[in-house]
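Visitor: Got a minute to walk me through this one? I'd like the quick version.
Guide: Sure. Have a look, then ask away.

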Amino acid sequence: MDEELFPSTPGKIKSDRRTFHRCFASTSTMFLWALFLIALTASYLSFIATGNHYIHHTSHRSVTGPHWEKRVLSSSQIHRKNGFSVLVTGAAGFVGTHVSLALKKRGDGVVGIDNFNDYYDPTLKKARRKMLESKNIFIINADINDQNILAKLFEIVAFTHVMHLAAQAGVRYAMENPKSYVHSNIAGLVTLLEQCKSADPQPAVVWASSSSVYGLNDKVPFSESDRTDQPASLYAATKKAGEEITHTYNHIYGLSITGLRFFTVYGPWGRPDMAYFSFTKNILQGKPITVYRGKNGVDLARDFTYIDDIVKGCVGSLDTAGKSTGSGGKKKGPAPYRIFNLGNTSPVTVPTLVSILEKNLKMKAKKNVVDMPGNGDVPFTHANISLAQRELGYRPTTDLPTGLRKFVKWYLWYYGYEQGKVKSVKS
Ligand SMILES: O=C(O)[C@H]1O[C@H](OP(=O)(O)OP(=O)(O)OC[C@H]2O[C@@H](n3ccc(=O)[nH]c3=O)[C@H](O)[C@@H]2O)[C@H](O)[C@@H](O)[C@H]1O
């Protein structure tokens with residue numbers, strides 16, 4: 001081998017034909033090298049797996065490029081005077097889908113982002129996406145922790161508002177997969193706020209907190225000024241943390257923030273992990289349902305809130321959100337920081353929920369009544385909504401029997417019961 005053709009690398013011992021032979025030509029050394037490379041690859045793969053095992057399987061297929069940018073621009077197009085252009089996170093989720101449709105319908109520009117994870121059946125999320133796409137709402141398949149995608153989106157569109165609904169939801173699941181809550185509800189939130197704070201112009205941010213922040217509070221009905229320092233689940237703790245985190249971005253960078261404490265939202269296109277949805281599935285399939293009961297045999301109760309009422313609260317929040325005051329990451333003056341309860345103000349017990357479903361499905365549930373396990377549940381929720389009434393004009397109009405009737409109608413249609421062709425229902 002010619003030394004001239006293979007000059008030595010600075011700092012390394014010059015190789016010659018003999019060392020080349022010594023190092024690489026012996027079969028046993030080559031075998032050792034191969035083993036080393038295999039071990040290196042295996043440890044890298046295991047690092048990837050252990051580092052991310054808590055994150056749900058997601059399908060990231062977001063590819064940017066001229067066609068992608070065109071779709072983003074077209075989706076963000078405003079079609080009314082003084083309209084908004086809104087980035088909706090979690091747009092393929094339950095609330096995200098409905099809010100996106102309502103905004104688009106009145107002429108706002110809407111761009112969605114969703115990671116399509118498999119916390120519950122992604123087929124349902126894809127069906128929601130199909131519905132949104134038919135209205136020219138583009139949903140980017142990406143995680144809110146992906147700062148490059150967020151930066152790219154804000155480079156293309158001057159969003160006036162961000163409707164942040166992407167989250168790891170579910171109270172009881174937090175015991176199974178705690179890190180997924182940190183990933184979405186804490187890290188994802190911070191990544192999004194970092195982007196919003198440096199955007200120019202800064203958007204106003206409206207985001208989903210939760211009634212669960214009231215935790216063990218037993219002063220009823222729950223008012224925004226009540227204690228929220230006794231969370232009963234990690235889910236609640238991450239939502240409460242979100243309220244504090246958004247406060248710092250409001251305080252330091254002048255971001256306009258509105259946090260909405262949703263109370264057990266239900267309705268068509270809902271979440272399969274929630275009780276009303278999974279009960280419906282089991283009743284129809286003749287399977288038993290588990291009904292939790294509180295201390296001393298007291299029934300659990302929730303301030304179940306119909307999706308259309310929640311949408312009105314979300315849109316009202318966007319409409320009344322004051323402007324952010326920062327620019328280039330610097331605050332120029334105080335910006336609004338608001339928190340509202342969005343509930344129905346009439347709690348209903350879980351056994352009553354079951355009997356309304358039975359009536360609508362014309363079937364009896366096989367009930368297993370068990371004591372509430374210590375898994376993060378609270379015995380009841382009940383919203384005081386006077387603040388939202390005053391500031392947002394929020395007035396819920398759908399009671400539980402009416403809302404569940406609409407849900408059951410949708411469920412039977414979506415899963416093909418009406419046509420006698422039942423789709424498999426994963427949850
Ligand atoms: O407002 C919120 O902040 C939260 O609302 C929702 O949580 P929850 O109010 O717990 O709703 P959901 O699971 O439908 O259980 C309803 C009732 O059925 C009882 N329940 C539940 C399951 C079961 O198998 N049996 C049962 O009795 C259960 O004990 C409870 O009493 C959202 O999921 C959550 O993401 C968050 O947004």
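Visitor: Of contacts between residues at least 6 apart in sequence, what share join residues at least 24 apart?
Guide: The share is 81%. Bear in mind that this is a predicted model.

Visitor: How many helices and strands in the protein?
Guide: There are 13 helices and 15 strands. The protein has 427 residues, and 42% of them are buried.

Visitor: What about the largest nonpolar core, how many residues?
Guide: It has 100 residues. Val86, Met163, Val206, Tyr276 and Cys314 have the most contacts inside it.

Visitor: Take Val86. Which residues is it in contact with, leaving aside neighbours within four places in sequence?
Guide: Leu103, Asp108, Gly109, Val110, Phe159, His161, Met163 and Leu318. Met163 is also on the list of residues with the most contacts inside the core.

Visitor: Switching to helix 13. Does the length add up, I mean, what should it span and what does it span?
Guide: Helix 13 runs over residues 400-414, which is 15 residues. At 1.5 Å a residue it should span 21 Å. Its end C-alpha atoms are 20 Å apart, so the two agree.

Visitor: Which of the residues in helix 13 are buried?
Guide: Leu400, Gly403, Leu404, Phe407, Val408 and Tyr411. They cover an arc of only 135° around the axis, so they sit on the same side of helix 13.

Visitor: Why would residues with that sort of spacing point the same way?
Guide: An α-helix has 3.6 residues a turn, so residues three or four places apart point the same way.

Visitor: And which exposed residues are on the face turned away from the buried side of helix 13?
Guide: Thr402 and Trp413.

Visitor: What covers the buried residues of helix 13?
Guide: The cover includes strand 7 (265-266), helix 9 (275-284) and strand 10 (305-306). Strand 14 (348-349) and helix 11 (350-361) are also part of it.

Visitor: What follows helix 13?
Guide: Gly416, with a positive phi near 75°.

Visitor: Back to strand 7. Tyr266 is in there; is it buried or exposed?
Guide: Tyr266 is buried, because 25 other C-beta atoms lie within 10 Å and the cut-off for buried is 20 or more.

Visitor: Which residues does Tyr266 touch, not counting those up to four places away in sequence?
Guide: Met274, Tyr276, Phe304, Tyr306, Ile307, Gly403 and Phe407. Gly403 and Phe407 are among the buried residues of helix 13. Tyr276 is one of the residues with the most contacts inside the largest nonpolar core.

Visitor: On to the ligand. Which residues come nearest?
Guide: Of the 19 around the ligand, Ala169, Ser210, Met274, Ala275 and Tyr292 come nearest. Helix 9 and strand 8 (288-293) are the elements that give two or more residues to that shell. Strand 8 has the largest share, three residues.

Visitor: How does the shell around the ligand divide into nonpolar, polar and charged?
Guide: Eleven nonpolar, six polar and two charged. Met274, one of those nearest the ligand, is also touched by Tyr266.

Visitor: Backbone oddities next. Where are the cis peptide bonds?
Guide: One joins Asp200 and Pro201, with omega about 5°. Pro201 is in the loop between helix 7 (178-198) and strand 5 (204-210). Another joins Val220 and Pro221, with omega about -15°. Pro221 lies in the loop between strand 5 and helix 8.

Visitor: Which residues other than glycine have a positive phi?
Guide: Thr264 is one, with phi near 30°. Trp269 is another, with phi near 65°. Most residues other than glycine have a negative phi, and most peptide bonds are trans.

Visitor: Where do Thr264 and Trp269 lie?
Guide: Thr264 is in the loop between strand 6 and strand 7. Trp269 is in the loop between strand 7 and helix 9. Thr264 counts as buried, with 23 C-beta neighbours inside 10 Å. Trp269 counts as buried too, with 20.

Visitor: Last one. Where is Leu255?
Guide: Leu255 is in the loop between helix 8 (234-253) and strand 6 (257-262). It has 27 C-beta neighbours inside 10 Å, so it counts as buried. Its contacts beyond four places in sequence include Leu193, Cys196, Lys197, Ser324 and Ala335.

Key. Residues are numbered from 1 along each chain as its sequence is written. This is a predicted model: local features need pLDDT of at least 70, side-chain atom pairs count only at pLDDT 80 or more; totals for chains, interfaces and linings use all residues. Helices (H or I, at least four residues) and strands (E, at least two) are DSSP runs, numbered from the N terminus. The expected span of a helix is 1.5 Å times one less than its number of residues. A residue is buried if 20 or more other C-beta atoms lie within 10 Å of its own, exposed if 12 or fewer, and partly exposed in between; C-beta atoms are placed from the backbone. The arc is that of the directions from the helix axis to the C-beta atoms. Two residues are in contact if their C-beta atoms, placed from the backbone, lie within 7 Å. A nonpolar core is a set of buried Ala, Val, Leu, Ile, Met, Phe, Trp, Tyr and Cys residues joined through C-beta atoms within 7 Å. A residue is near a molecule or strand if its C-beta atom, placed from the backbone, lies within 6 Å of it. Ala, Val, Leu, Ile, Met, Phe, Trp, Tyr, Cys and Pro count as nonpolar, Asp, Glu, Lys and Arg as charged, and the others, Gly among them, as polar.
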